[in-house]
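Work through the exercises below with the sequence and the model at hand. Each task is followed by a stepwise solution.

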Amino acid sequence: MPYEYPSVTAAPQSPGVPAATDSMVHARGLRKTFGSFEAVRGIDVDVHRGEAFGFLGPNGAGKSSTMRMIAAVSPVTAGTLRVLGMDPQTDGPLIRARLGVCPQEDSLDPDLRVRENLLVYGRYFGLSRRAVRARADELLEFAQLTDKAKAKVDDLSGGMKRRLTIARALINDPEILLLDEPTTGLDPQARHSLWDKLFRLKEQGVTIVLTTHYMDEAEQLCDRLVVMDKGAIAAEGSPLELIREHSTREVAELRFGVGQHEALAARVADLADRVEVLPDRLMLYTEHGEETLAQVHGRGLRPLAVLVRRSTLEDVFLKLTGRSLVD
Amino acid sequence: MSIAGAALVDAAGRRMGVTRSTGVLLGRHLTVFSRNWTFFVTGFAEPVLYLLSIGVGVGKLIPSFDVGGHTIAYAAFVAPGMLAASAMNGAVMDATFNVFFRLKYQKLYDQILATPLTTGDVARSEITWALLRGGVYSAGFLVVMSLFGLIHSWWALLALPAALLIGFAFGAVGMALTTFMKSWQDFEYITLSTVPMFLFSATFFPASTFPTWLQWVIDVTPLYRGVVLCRELTTGQVTWGSGISLVYLIVLGCLGMVLVGKRLERLLLT
Ligand SMILES: Nc1ncnc2c1ncn2[C@@H]1O[C@H](COP(=O)(O)OP(=O)(O)OP(=O)(O)O)[C@@H](O)[C@H]1O
Ligand SMILES: [Mg+2]
């Protein structure tokens, strides 16, 4: 049985009539410093209603710092930030009332049972007991946790905890859902099922802002994303645009014996738009992988293993920053 | 991120009163403690045991006792001291150990601050919970006192709000100190300050037994003010001095609460 996102009122918006605020998040020159350390160094971001927007970047890029500022729990150091058209500095409670937040670390209440976690959290939003009860049951169903309703939070698996955290973030019918690394630590199956649920939420009109260091996740979920590195934005666009702009259509990966890659790079350099040397392989960026491969063989080179694939955001990231995403 | 004008906004954008925004966190604690109500029993038993052993037991050796020109039984002297101390202990237990655990380990306040609630709401709710816990012990103790015939005035009815006020002052100051604590070792300081207060705040014997300079010190400690206030109420000897205790405890509690709000903001909204 497919689990529908309980549709109470997702982002009221009649077709053709622009909503009061179509700009859900608007940041200009946004900065965050901790002491003398600059975690976010002046970023510009716009997220529109109904969009799924991603922050992609390696550890320490400043993704969580940005998310916490958007969630109105971390004061902006400098620059402009508007969330739902309001200033977090002055209208924090009003903003937070309309946000759903799933922090990087699951922050469930271990003293409360699974269903109680939803009930109590809903009360923090000022929802009535009756409204919260009905909503909790829908969300348990949504998170496939109905039969765990009375379980202790500590007894849940990692994936179940994540689902409960996300379900909890939906208790107030948020207009923006902020997800900080929603699938880190989940097995592939759990990740796919979560993507499925997030996709459904998006179809219901919920604006999703997420962070991730998985390029496949960004490609699957995001309409638009920014690549973040060392507190700054390295590139911005849809996954396809980014790949088109910063990479070739295909990549031929060649593996030779350890230590030979550096030397061999020069011998194939003219066969591709760009050659990237990694410790364990050469990556040839090219429009037609198979043709390039044939040319490599034509030069008498015999790689131990080859792989021809389409370019991904990982390649974009590698090109922009010279590093891989997951280090 | 302002704690001033801390008003809860519900999902429909309505601002809600302080009572409701305080109530929701109390509701959470009630849910948790309805399963662990045995915790409550120890806090209740302690002052009753002191009353029985010292007030009644030792009291047998002290036929009567002179307080401010009135002669009362020793047990009637000790009982209001235990009343005030139980309010202090109940509130301090919650506002220090439990708050530290929720703050550092459970990250409960991080969860709460992601909702429309503010640090001011957290401060107010936690201190209210602490004073209610102290108040429950005190109410139970007042019943025990009346059963033992240790209440001599209708003023004693006001001893319960007085006990709540003691809980408020100690809850607020205790929680404020807790926000500065780094590890469980630091809680030695709490014990180091509550135990002497418990022993020397005119709980078991009048402060007049001390040298004058020490009396001055004791005079400004919060438990002493609470003990004196409770004693004045249960023995029916209310004076202008009672008003001073009242104002002292209110001011202390309010200062503590404001400090808690500021500290939580510093610690959590980074
Ligand atoms: N409260 C804080 N105090 C001091 N430094 C901090 C604080 N929070 C974050 N930082 C620093 O800011 C930088 C960015 O951290 P942030 O958590 O935003 O990165 P991230 O992109 O979310 O990384 P990850 O993928 O590991 O979650 C890091 O170098 C981190 O050490
Ligand atoms: Mg992070």
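**Exercise 1.** Determine what share of the contacts in chain A between residues at least 6 apart in sequence join residues at least 24 apart, and do likewise for chain B.

Solution. Step 1: count a contact where heavy atoms lie within 4.5 Å. Step 2: in chain A, restrict the count to pairs at least 6 apart in sequence; 69% of these link residues at least 24 apart. Step 3: the corresponding share in chain B is 78%.

The model is predicted, so local features need pLDDT of at least 70 and side-chain atom pairs pLDDT 80 or more, while totals for chains, interfaces and linings use all residues. Residues are numbered from 1 along each chain as its sequence is written, chains are lettered from A and ligands numbered from 1 in the order in which they are written, and side-chain values use heavy atoms, without hydrogens and water.

**Exercise 2.** List the secondary structure of both chains.

Solution. Step 1: take helices (H or I, at least four residues) and strands (E, at least two) as DSSP runs, numbered from the N terminus. Step 2: chain A then has 11 helices and 13 strands. Step 3: chain B has 10 helices and four strands. Step 4: read from the N terminus, the order in chain B is β-β-α-α-β-β-α-α-α-α-α-α-α-α.

**Exercise 3.** Describe the extent, burial and surface of each chain.

Solution. Step 1: along the principal axes, the C-alpha trace of chain A spans about 75 × 45 × 45 Å, and the C-alpha atoms of chain B fill a box of roughly 65 × 40 × 35 Å. Step 2: classify residues as buried (under 20% relative accessible area), exposed (over 50%) or partly exposed (in between), with a 1.4 Å probe and protein chains only. Of the 327 residues of chain A, 54% are buried; of the 270 in chain B, 53% are. Step 3: compute accessible areas by the Shrake-Rupley method with a 1.4 Å probe. Chain A exposes about 14100 Å², 50% of it from carbon and sulfur atoms. Chain B exposes about 11900 Å², with 72% from carbon and sulfur atoms.

**Exercise 4.** Which atoms coordinate the magnesium ion (ligand 2), and which parts of chain A do they come from?

Solution. Step 1: accept as donors N, O and S atoms within 2.8 Å of the metal (3.2 Å for Na, K and Ca); water is not among the atoms, so sites may look incomplete. Step 2: the donors are OG of Ser64(A) and OE1 of Gln104(A), at 1.9 to 2.1 Å. Step 3: Ser64(A) belongs to helix α1 (residues 63–70) and Gln104(A) to the loop between β5 (99–102) and α3 (114–124), so the pair ties together parts of chain A that are 40 residues apart in sequence. Step 4: Ser64(A) is partly exposed because its relative accessibility is 22%; Gln104(A), at 35%, is also partly exposed.

**Exercise 5.** Are Arg135(A) and Asp229(A) buried or exposed, and where do they lie?

Solution. Step 1: Arg135(A) lies in helix α4 (residues 129–142) of chain A and is buried, at 6% relative accessible area. Step 2: Asp229(A) lies in strand β8 (residues 224–229) of chain A and is buried too, at 12%. Step 3: leaving aside neighbours within four places in sequence, Asp229(A) contacts Pro58(A), Ala61(A), Phe317(A), Thr321(A) and Arg323(A).
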